[in-house]
Amino acid sequence: MASVWRRVGEFVTRGLTPRGIGLPVASAVLVGAGLFFGYSDLVVLGCAGLIAAIGSIVWVASRPPLRVDRKVEPARVARGQECLGVVHIRNGSRWRSAALIGSDRCAGRDFEVDQPLQAIRLSPREEITTTYEVPTRRRGIVDVGPLRIARRDPLGLVRLAWPYGQAARVWVHPRVHPLLHVPVGTNRSLDGIVDKVQHGSITFHALREYVAGDDLRHVHWRTSAHIGQLMVREHVDTSLPRIAVVLDDRPEVYADEGFEDAVDAAASVVTAVVGSGLTVDLHLASGALIEGGPDIGVQPLLDLLAEVQPVTGTPFGSVIQRLRHRRRGDTAILLTGASDAPASGELNQAAALSEVYPTVVIGAFGAGSPRAATLPGVTLIAAADAAAFADEWNAVPAW
C-alpha cells in the first residue's frame with residue numbers, strides 16, 4: 001500500500017503541471033459546492049473539469065513506441081571545446097505520436113533539448129535526427145543522460161517522461177596550451193635517441209606479448225607455458241630522459257582560479273612531454289601517481305587531470321620527501337600556488353629537490369606569485385594564469 005501511495009505522490013509531483021493540479025482541485029470544489037447548495041450547473045461544470053483531467057492522464061499514460069539512439073561525440077574534449085549529443089528517433093507506431101518533448105540530464109542537472117525535440121509530433125514510421133550541445137565549460141567528468149522523452153496532453157495538464165537509452169560519460173579535459181620544448185635533463189641516450197624505447201638493454205621493464213620480429217632469445221618460456229601464449233621480456237634504456245610532473249592539489253595555496261590554471265599547466269606539460277616521445281610520471285600531492293609515455297599515450301594522464309579535485313590535509317614537507325626518496329627521472333616540474341608568504345616559504349622547501357634532480361622547474365600561480373624570488377638550482381616560472389605560464393615557459397632560452 002505504501003508503494004502505491006508513493007507512486008501516486010511521484011505522479012502528482014512530476015507528472016501533473018500546475019494547471020493539472022489546479023483544475024482537479026477547482027473541479028472538486030465546484031462539484032462539492034454544487035451538491036451542497038443545490039446548483040446543478042456547478043456540478044456539471046466541475047464534472048467536466050474532472051473528466052478533462054482524467055482524459056489528459058489517459059492521453060499520455062502509455063509509453064511512446066519510439067526507437068531512440070543517442071550518442072555523445074566526442075567522449076573526450078578539452079574544456080570549452082564543442083561536444084554534441086546526437087539523437088536519432090523513429091516513431092515505431094502506425095499512429096501519429098502525441099506532442100513529444102526531449103530533455104537530457106547533464107552533471108545532475110536537467111536541461112531541455114533544443115529544436116526539433118520541442119513539442120514535435122512524429123508521423124507513422126517517421127524518423128528524425130537532431131544534435132544539441134553538451135555543456136563543457138567546466139573541467140571534470142560529466143555524466144550525460146539518460147535521455148528522457150516526455151509527452152503532454154493538448155490542455156497542458158499532464159506531462160509524463162520516460163528514459164530512453166543509456167547514460168553516457170564525457171571527460172572534459174583541462175585546456176592545453178602549446179609548449180615549444182621540454183627539459184630533457186642530464187640523462188640522455190648514448191645514441192641521441194629520445195623518441196622511442198630502446199629494447200634489448202640491460203634493465204628489465206615488463207613482459208609483453210610476442211610480435212613478429214622479436215628476438216626469440218627474449219622469450220620468457222616459463223610464463224609462456226603457463227598462459228599458453230608467447231611472452232617476451234621487454235628491456236628499457238635507463239639513460240633515456242624521464243620527467244616527473246607534480247601537481248600540488250592542496251586548495252589552501254591557491255586563490256580564485258589558481259588551481260584550474262595549475263591543472264591546465266600540468267596538462268600542457270604532460271602533453272608536450274609525451275609528444276616529444278619521452279616518459280612522464282604525473283604525481284598528485286595527495287598521493288596519486290600515473291605514468292604516461294610514447295607507448296601509453298597522454299590520455300590516461302588527461303583523464304586523471306579531468307577528475308582531480310583539491311584535497312586538504314597533505315603536509316607539503318611530506319610531498320617533497322616522497323619525491324626525494326622515490327626519485328624517478330632527472331627532471332622535476334612542480335606546479336603549485338603562491339599567493340601568500342607561507343606559500344613562498346614552501347617554494348624554498350621545493351628548491352631542495354635540486355639536490356637529487358639535476359633539473360627542477362617550479363610553476364607558481366596566482367596574482368601574488370613571487371616574480372622576484374631567486375631559488376638556487378631552480379627555474380622559477382611565476383604566472384598569473386596558465387596562458388602566461390605557457391608564454392614564460394616558451395621564453396626560457398634553454399633548460
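Arg250 counts as buried, at 3% relative accessibility. In this predicted model, Arg250 has a partner: Asp248 joins it in a salt bridge, with the closest N and O atoms 2.8 Å apart. Asp248 is tucked away too, since a relative accessible area of 1% makes it buried.

That pair is part of a wider set, as the structure holds eight salt bridges. Another one brings together the side chains of Asp303 and Arg76, at 3.0 Å from N to O. Here the two partners come from distant parts of the chain: Asp303 belongs to helix H6 (residues 299-307) and Arg76 to strand S2 (residues 76-78), 227 residues apart. Asp303 is buried, with a relative accessible area of 11%, whereas Arg76 counts as partly exposed at 30% relative accessibility. Arg90 and Glu127 also pair up, their closest N and O atoms lying 3.0 Å apart. This bridge likewise links distant parts of the chain, running from Arg90 in strand S3 (residues 84-91) to Glu127 in strand S7 (residues 127-133), 37 residues apart. Glu127 is partly exposed, at 44% relative accessibility. Elsewhere, Arg242, Asp281 and Glu291 are hooked up in a network of salt bridges.

Stepping back to the chain as a whole, there are nine helices and 19 strands. Of its 399 residues, 44% count as buried. Take the contacts between residues at least 6 apart in sequence: 68% of them join residues at least 24 apart. The chain exposes about 20800 Å², with carbon and sulfur atoms supplying 55% of that area.

Helix H9 (residues 386-395) shows how one element sits in this chain, with Ala386, Phe389, Ala390 and Trp393 buried. Seen down the axis of H9, these buried residues fall within an arc of 100°, so they line one face of the helix. They pack against helix H5 (258-275) and three strands: S17 (331-337), S18 (359-365) and S19 (379-383). Turned away from that buried side is a face carrying the exposed residues Asp391 and Ala395. The N-terminal end of H9 is capped by Asp385, which places a side-chain oxygen 3.3 Å from the backbone nitrogen of Ala387.

The surface has a feature of its own. Ile21, Val25 and Val29 form a nonpolar patch there, together offering about 250 Å² of accessible area. Val29 lies in helix H2 (residues 18-37). This valine, Val29, counts as exposed because its relative accessibility is 53%, and the cut-off for exposed is over 50%.

Terms used
Residues are numbered from 1 along each chain as its sequence is written. This is a predicted model: local features need pLDDT of at least 70, side-chain atom pairs count only at pLDDT 80 or more; totals for chains, interfaces and linings use all residues. Side-chain values use heavy atoms; hydrogens and water are left out. Helices (H or I, at least four residues) and strands (E, at least two) are DSSP runs, numbered from the N terminus. Buried means under 20% relative accessible area, exposed over 50%, partly exposed in between (1.4 Å probe, protein chains only). Contact means heavy atoms within 4.5 Å. Accessible areas come from the Shrake-Rupley method with a 1.4 Å probe; for residues, only the protein chains shown count as cover. The arc is that of the directions from the helix axis to the C-beta atoms. A polar contact is a pair of N or O atoms within 3.5 Å; within protein, one must be able to donate a hydrogen and the other to accept it, and residues adjacent in sequence count only if both atoms are side-chain atoms. Patches are made of residues with over 30% relative accessible area and no salt bridge: like charges are joined within 9 Å, nonpolar side chains (Val, Leu, Ile, Met, Phe, Trp, Tyr) within 5 Å. A salt bridge is a side-chain nitrogen of Lys or Arg within 4 Å of a carboxyl oxygen of Asp or Glu.
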